[in-house]
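Visitor: Please show me the model, and then we can go through it by question and answer.

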Number of protein chains: 2
Amino acid sequence: MFAGQRIIEEVVKAKITFIGSGNLAWNLAGAFDLAGHQIHQVISRNEQTGQALAKTYAAFYHSSVDKLFSDSDFVFLALPDKAIRETVQQIKVKGPVVMHSAGSCDLNAISDHYQPCGVFYPLQTFTMERKPDFFKIPVFIESTDKEVLERIRELAEVISNEVVELNSEKRLFMHLAAVIVNNFNNHLLTQAEKIMDEHGLPFRYLRPLAMETVNKAFEGSPSKNQTGPAVRKDMDTLNKHLELLRSNSQLSDLYKLMSKDINPDLENRM
Amino acid sequence: MFAGQRIIEEVVKAKITFIGSGNLAWNLAGAFDLAGHQIHQVISRNEQTGQALAKTYAAFYHSSVDKLFSDSDFVFLALPDKAIRETVQQIKVKGPVVMHSAGSCDLNAISDHYQPCGVFYPLQTFTMERKPDFFKIPVFIESTDKEVLERIRELAEVISNEVVELNSEKRLFMHLAAVIVNNFNNHLLTQAEKIMDEHGLPFRYLRPLAMETVNKAFEGSPSKNQTGPAVRKDMDTLNKHLELLRSNSQLSDLYKLMSKDINPDLENRM
């Protein structure tokens, strides 16, 4: 070997099939394609998005699970939680590792009916338009079988720098935490945007503050970072804010609950 | 003029005094010092932090407002809202532009007793340890006097790329929105951290998701980004989560309220 020559370990091309053609399927397909794997087949009742996804990655498209090929290495059930168990029961072939990617769905939704199987859960919110940096997204994996788990790990490590084995019970707790930081904060941001809009203030003014709140939380501990009128028991400011919310009982209730949660001393004062 | 020679407009060195020596004073002093202004005097009842701040920027230190110099260009009341009005009444000198930096405090807390005056409100959460990029932080300014407002604008533009005139009423609404995206989200992050801790899961797993939630909100509109079990009316997942929170009535109440706010259809289902 010459000096400077490097040994490049070639990734064995895996054949990957998606059942479902929503945001998750599009994002995973993009990441696996970039990593050199082959998107083999797309199965989706939604012809428009299913065919589009198949076409993008030169894969076969079918509308029914009956048509699932037996020569895929991995099959992703990129479906709503409810549809997972039902869809697994329609699988007639044997061979591929069948996985779901749902935070709150137990592995047994697959393993009760089909093996080899597993879970491949990337902890992120996906949309069609945005391409997140997949390497930073932690992927949580699970399987009933040790050897299958290693195959899933190998697949995950091609697109993510953080691959962690996690059982279904802990995954459910993590999904709860994810709903809190994503869906609930998005609700807060929606309320803040509404207030800004109503007063002709560009929402973007709040961006540095909203970003700093998250950065600070993860560089220390949010439990030590709390500031603002509630934690200070600053009744003047709390009452001024509640006065602004007089005609918005929904946000007013949320404001009171949040403030009391932040500072239990406010319990009988709001 | 030689080719390549540049005309450098020299910033006239302003003398700046801080009454108060907390997080805001430290952060503003650092930004103004960096911009070439002079930290002239620090007045603080807290001798330790007051003297430390004065020493850091080679300024005079005094413990009482009686000792305020008359030759400062600007005096910042970097104080809790409650202390502002009372402190203004102790000012005996004439000359400096006296400003507060409080989101929810009316300009008249100063102007009722002292002129020339104004508001200089940087929309950010400050701590001692972190040095935010000040140029990205919007600064909201106000004054009773047009000429004074221009002097404040000039001062603000040295440290921020976004300086906006805003009256006290609108500033109060913006402060309410700021409490929602900062204090309330910090509370959500605290709850998520607790759940992760309780199950031996590193909090940092949630960071990419929490960051993406904010980035996505400001690159589109959070009102269009809502995902998750509440907006999908996914009762299975909602009930699983509530089951996990059975012994935590506080977070359970917050979960229900948030979910119903996100999707009013859930009103009688949780």
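Visitor: How many residues does each chain give to the contact?
Guide: This is a predicted model, in which local features need pLDDT of at least 70, side-chain atom pairs count only at pLDDT 80 or more, and totals for chains, interfaces and linings use all residues. Residues are numbered from 1 along each chain as its sequence is written, with chains lettered from A and ligands numbered from 1 in the order in which they are written. Two residues are in contact if their C-beta atoms, placed from the backbone, lie within 7 Å. The count is 73 residues from chain A and 73 residues from chain B.

Visitor: Which element gives the largest share of the side of chain A that touches chain B?
Guide: Helices (H or I, at least four residues) and strands (E, at least two) are DSSP runs, numbered from the N terminus. Elements giving two or more residues include helix 3 (81-88), helix 7 (207-219) and helix 10 (249-262) of chain A. The largest share, 24 residues, is that of helix 6 of chain A.

Visitor: What relates the two copies?
Guide: Copies are superposed by least squares on the C-alpha atoms of residues with pLDDT of at least 70 in both. Chain A falls on chain B after a rotation of 180° with 0.0 Å of shift along the axis (RMSD 0.0 Å). The copies are therefore related as by a two-fold rotation axis.

Visitor: Which residue of chain A comes closest to the rotation axis?
Guide: The same surface serves both copies, as 100% of the contact residues of chain A recur in chain B. By C-alpha, the residue that comes closest to the axis, at 2.9 Å, is A:Asn185.
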